[in-house]
Amino acid sequence: MAESPGLPDAAQARLDRLKSHPEGLIVHRVGRHGQIAIARTGPDIVMVFCPLGVELSNDALSGVMARVDPTTPLVLKGAYTQAMLACLSFVPDPGRVYVMGAGGGRVPMVLRWLVDVPVVMGSELDKDVLNLSAEYLGFEMAGGLSIDCAEGRAHLTAQPDGQFDHIYVDCYGADARVPPALSTAEFFAMIRAKLTHGGVMAMNLIAGDERFAAQQAGMMQAFSQIWAWSQGGSTVLFGSDAVSSPEERTQAAADLAARIPFGFDLPAHIDALVPVSVQDTPIHDAEVFDPAQTARFFPKGFFKGCARNAPCPCGSGYKFKGCHGRR
């Protein structure tokens, strides 16, 4: 790779204006999944999600979804986002990557403007998240970085097969869980089809989710090799058909760290990967999209008030009337 291009000047200028902003709330608005707040806390600008009906105050700013220090905007600060870059130890020089659930844009920014991946594309369901990320978190779509406002599964399905070296999945619904449509065997098979030979996917999951075992099983059905990184309540699963030893991955990470200023210990995250073996039966689309199975996956009242022509909140990419709103 050539020398990293660095954050675009326009994006850095927006961040520079926030360096002297006092601590506390900067802005908030009601988004697709509730209230989205941008705040200054210490040296960082953070994006947090708050449920509807919660009075915003400094004490209420919890559940950080993205964090950036304006003085070092290309350093990932979240442990699980750092761990997701372990994909680079499998394919160190990716040409094209896809990020599903771009959120605050932190992973796409680092991949494009620090790692210098030529093409970084992806999807984010919430337009307000994209707009706030651009205004307050240094996110900039230019020079090979493009994130569409779209439902992730449908958007990635529409891309040609075999073109991405890495695929990152970091998606959560209104119930703070991975959408059922992103938990099925068919979903993971689709991910595998979009990867290049030897490509790798990383997915942020919650080990305490009742679907977690089936998510692992679905990934294992699609890929011959599965690894897990876990810390606290976060788990990132990696899937690939490439055969690589821990020593090879550690060496690749050390080589990357020697030439790219990540600002964190990437080799340590690589060393924390462990192989996964599961026997559970994966969930299939027929179960997820069958209204008779709705209670198995969704909390009571989850579909209440959904317009028939609106996207189904299950995350299938179909209209509500053609999915869980069928009569």
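Me: In what order do the strands of the open sheet stand, and is the pairing mixed or uniform?
Reply: Strands of a sheet pair through backbone hydrogen bonds, either parallel or antiparallel. Here 8 strands form an open sheet, ordered β7-β6-β5-β8-β9-β11-β10-β12, with mixed pairing. The edges are β7 (145–149) and β12 (274–275); each has a single partner strand, so one side of each lacks a neighbour in the sheet. Strands here are DSSP runs (E, at least two residues), numbered from the N terminus. Two strands pair if DSSP finds at least two bridges between them.

Me: What should I know about the model itself?
Reply: It is a predicted model: local features need pLDDT of at least 70, side-chain atom pairs count only at pLDDT 80 or more, and totals for chains, interfaces and linings use all residues. Residues are numbered from 1 along each chain as its sequence is written, and side-chain values use heavy atoms, with hydrogens and water left out.

Me: Which strands does β8 run parallel to?
Reply: Strand β5 (residues 96–100) runs parallel to β8 and is joined to it by 4 bridges. On β9 (residues 195–206), 5 bridges join it to β8 (residues 164–169), again parallel. Take Tyr 168: Val 99 stands opposite it, and its bridge partner in β9 is Ala 202. His 166 stands opposite Val 200 in β9.

Me: How many residues of β8 are buried?
Reply: Buried means under 20% relative accessible area, exposed over 50%, partly exposed in between (1.4 Å probe, protein chains only). In β8, 6 of its 6 residues are buried.

Me: Where does Asp 44 lie, and what does it touch?
Reply: Asp 44 lies in strand β3 (residues 44–50). It is buried, with a relative accessible area of 5%. Contact means heavy atoms within 4.5 Å. Leaving aside neighbours within four places in sequence, Asp 44 is in contact with Ala 39, Arg 67, Val 68, Asp 69 and Lys 77. The side chains of Asp 44 and Arg 67 also share a polar contact of 3.2 Å. That term means a pair of N or O atoms within 3.5 Å; within protein, one must be able to donate a hydrogen and the other to accept it, and residues adjacent in sequence count only if both atoms are side-chain atoms.

Me: How many aromatic pairs are there?
Reply: Rings of Phe, Tyr and Trp (its six-membered ring) pair if their centres lie within 6.5 Å; planes under 30 degrees apart count as stacked, over 60 as edge-to-face and the rest as tilted. The whole structure holds 5 aromatic pairs. Phe 187 and Phe 188 have ring centres 5.4 Å apart and planes at 65°, so they are edge-to-face. Phe 262 and Phe 264 are tilted, at 5.7 Å and 50°.
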